[in-house]
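Work through the following exercises with the sequence and the model open. Each task is followed by a solution in steps.

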Amino acid sequence: MSLPQINKILYTTSLGAYTRSVYRHAIQLAQQNQAELVMLHVVNPVGELGEALIRQYLPKDLVKKVHDEGIAKVIKQMEERVQLFFDEELQNLDVPVKIKVTPKVVEGNHDEAILATAKQEQVDLIVMGTENKLGLHSQSHTTQQVIKRSKVPVLVVPTGKDYNR
């Protein structure tokens, strides 16, 4: 029996302030395994009522334009974040980190979008964070569902902690 190969990692992010430790873990794992990293951000879709209201007052082509511009803005923010992280965190290392990071934004229910992206991208590992509000080992609904339904291993990193030693 051979050891599992990790060639592609899916890192999910809310782009929040406390997700850097999760990102560091994902980068470290990608570097150790010489794996590609897919950086996923899931945006909530506009609800049916909201979409109906928007379509009532705005032309369909304008709604599509605003939607597409919003997604493009999030992708740009992710790309800037990747670059900032490399500039701030990785430049001081003795050995340069050379991994492929692909930002991806999808719209939908968070756990379903994460699992669908993992399948579509054929990842070998999912890395995600979870809030550690009370110091307990509690997980969000999204984290619980991804762990429960994933076909690949899931590494969960509690956010809001400093793991530097």
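Helices (H or I, at least four residues) and strands (E, at least two) are DSSP runs, numbered from the N terminus. The model is predicted: local features need pLDDT of at least 70, side-chain atom pairs count only at pLDDT 80 or more, and totals for chains, interfaces and linings use all residues. Residues are numbered from 1 along each chain as its sequence is written, and side-chain values use heavy atoms, with hydrogens and water left out.

**Exercise 1. Describe the chain as a whole.**

Step 1. Count the elements: the chain has five helices and five strands.
Step 2. Put them in order; from the N terminus they read β-α-β-α-α-β-α-β-α-β.
Step 3. Assess burial, where buried means under 20% relative accessible area, exposed over 50%, and partly exposed in between (1.4 Å probe, protein chains only). Of the 165 residues, 36% are buried.
Step 4. Assess contacts, meaning heavy atoms within 4.5 Å. Taking contacts between residues at least 6 apart in sequence, 81% join residues at least 24 apart.

**Exercise 2. Find the largest nonpolar core and the elements that build it.**

Step 1. Fix the term: a nonpolar core is a set of buried Ala, Val, Leu, Ile, Met, Phe, Trp, Tyr and Cys residues joined through side-chain atoms within 4.5 Å. In soluble globular proteins, nonpolar side chains tend to be buried together.
Step 2. The largest core holds 23 residues, and Ile 9 and Leu 37 touch the most other members.
Step 3. At least two residues each come from β1 (8–12), α1 (20–33), β2, α3 (60–90), β3 (101–107) and β4. The largest share, six residues, is supplied by α1.
Step 4. Separate from this core is another of 13 residues, including Leu 10, Leu 40, Val 106 and Ile 114.

**Exercise 3. Compare the surroundings of Thr 117 and Glu 121.**

Step 1. Locate them: Thr 117 is in helix α4, and Glu 121 is found in helix α4.
Step 2. Check burial. Thr 117 is buried because its relative accessible area is 2%; Glu 121 counts as buried because its relative accessibility is 19%.
Step 3. List contacts, leaving aside neighbours within four places in sequence. Thr 117 meets Leu 10, Leu 40, Lys 104 and Val 106, while Glu 121 meets Lys 8, Val 38 and Lys 104.
Step 4. Look for polar contacts (pairs of N or O atoms within 3.5 Å; within protein, one must be able to donate a hydrogen and the other to accept it, and residues adjacent in sequence count only if both atoms are side-chain atoms). A polar atom of the Thr 117 side chain lies 2.8 Å from the backbone oxygen of Ala 113. The side chains of Glu 121 and Lys 8 are joined by a polar contact of 3.0 Å.

**Exercise 4. Is Ala 17 buried or exposed, and where does it sit?**

Step 1. Ala 17 belongs to the loop between β1 and α1.
Step 2. Ala 17 counts as exposed because its relative accessibility is 70%.
Step 3. Measure across the fold in the model: the C-alpha atoms of Ala 17 and Thr 159 are separated by 9.4 Å, although these residues are 142 residues apart along the chain.
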